[in-house]
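Reader: I would like a close look at one part of this model. Please take the first helix of chain A and set it in its surroundings.

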Amino acid sequence: MIRIWLLLGVVVLAGTAGEIAVTRAMKRIGEVHHFHPRALLRVLGRAFRVGWMWLGLGLLAMAFFSLLALLSWENVSFVVPITALSYVVGALMAKLFLGEEVNQMRWMGVLLVVLGVVLVCAG
Amino acid sequence: MSIAQRLHLKTYVLIVLMVLFGATGDVLLGKGMRESGGIALKSAGSIVDGLTRGFHNRLVWMGMGSLIVFFLCYLLVLSWADYSFVSPASASSYGIVTLLGWMLLGETVTSVRWLGVVVICVGVLFIGHTPPRTTQELE
């Protein structure tokens, strides 16, 4: 059982940290204004030269393979509602590491989304 | 159109695209993997075998294409919008997947599941009432 909770921790923490790192990389690139295919390719080229992007993708890969292993031992209806905690951890990490303002309204929204995901999976 | 309005508009358009391509990708990938026999999570060999069979399925490729578009939209929107705005707002895909499954695949959806979809939508509405960007550009 400890193995399962440890892996759940890896899925939530590594997955969220990976997305935060990817966000940091994209913030370093700056706001995209042009959506022409050639301009988008240039944006991607620049994004993949930022270290945060590779760190983020590595963490996301780690979370993905942990999820795959978890799903081989436990039911989706057990695993997915717990991984919905990522929304709460994500809001906390975004506040701490990206300096985002998470006001009461946004917290309410995040908590409702978590509750909704749990209900969808339980249903 | 003011700068703030333009920011709102392009954020919403990209989140809608993320939700549509993400949900379509998940449904196609799920259907394709089931069609090709699925992955038996027994050993490394059986996982590789399942993946190889999956790569010969047209729906799996369409699903992956859809998910690549999803990821591109995700990266683009994160270049200006808050992660704590985009990530929970994209949870509306749970609603879209449920709706697609019910309408196109004739899946039975329990009332608890519908309630979950409604709660997610209310949550996303709450998040939609906060500003999409609360930080300044890094450079």
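Author: What follows starts with chain A as a whole, then turns to helix H1 and its surroundings.

This is a predicted model. Chain A has 123 residues, and 37% of them count as buried. Its secondary structure comes to six helices and zero strands. Along the sequence the pattern reads α-α-α-α-α-α. The C-alpha trace of chain A spans about 45 × 35 × 25 Å along its principal axes. Take the contacts in chain A with a separation of 6 or more: residues 24 or more positions apart account for 80% of them.

Now to H1(A) and its partner within the chain. H2(A) covers residues 37–47, and its axis comes within 9 Å of the axis of H1(A). The two axes cross at roughly 120°. An angle over 115 but not over 145 degrees is neither roughly perpendicular nor roughly antiparallel, so H1(A) is oblique to H2(A). The crossing is right-handed.

Which residues make this contact? From H1(A) come A:Ala25, A:Met26 and A:Ile29. They meet A:Val43, A:Arg46 and A:Ala47 of H2(A). By class, five residues of this contact are nonpolar, none is polar and one is charged. The charged one is A:Arg46.

H1(A) also faces the other chain. The contact between the chains takes 37 residues from chain A and 34 residues from chain B. On the chain A side, the elements that give two or more residues are H1 (2–29), H5 (86–97) and H6 (104–122). H6(A) gives the most, with 13 residues. The chain A side divides into 21 nonpolar, nine polar and seven charged residues.

Then there is the core. The largest nonpolar core has 59 residues. Here H1(A) gives the most, with ten residues. The residues with the most contacts inside this core come from both chains. A:Val113 and A:Val117 are on the chain A side. B:Met18, B:Val77 and B:Leu78 are on the chain B side.

A:Val113 shows how the chains meet. Leave aside its neighbours within four places in sequence. A:Val113 is then in contact with A:Tyr87 in its own chain. Across the interface, its contacts are B:Pro88, B:Ala91, B:Ile120, B:Gly123 and B:Val124.

To sum up, H1(A) meets H2(A) in an oblique crossing. H1(A) gives two or more residues to the side that touches chain B. And H1(A) gives the most to the largest nonpolar core.

Definitions and conventions. Residues numbered from 1 in each chain as written. Chains lettered and ligands numbered in written order. Predicted model: local features only at pLDDT ≥ 70, side-chain atom pairs only at ≥ 80, totals over all residues. Contact = placed C-beta atoms within 7 Å. Helix = DSSP H or I, 4+ residues; strand = E, 2+ residues; numbered from the N terminus. Core = buried A, V, L, I, M, F, W, Y, C linked by C-beta atoms within 7 Å. Buried ≥ 20, exposed ≤ 12 C-beta atoms within 10 Å, placed from the backbone. Axes fitted to C-alpha atoms, helices over the stretch in contact; angles between N-to-C directions. Parallel < 35°, antiparallel > 145°, perpendicular 65-115°, else oblique. Left-handed = near helix turned anticlockwise from the far one by under 90°.
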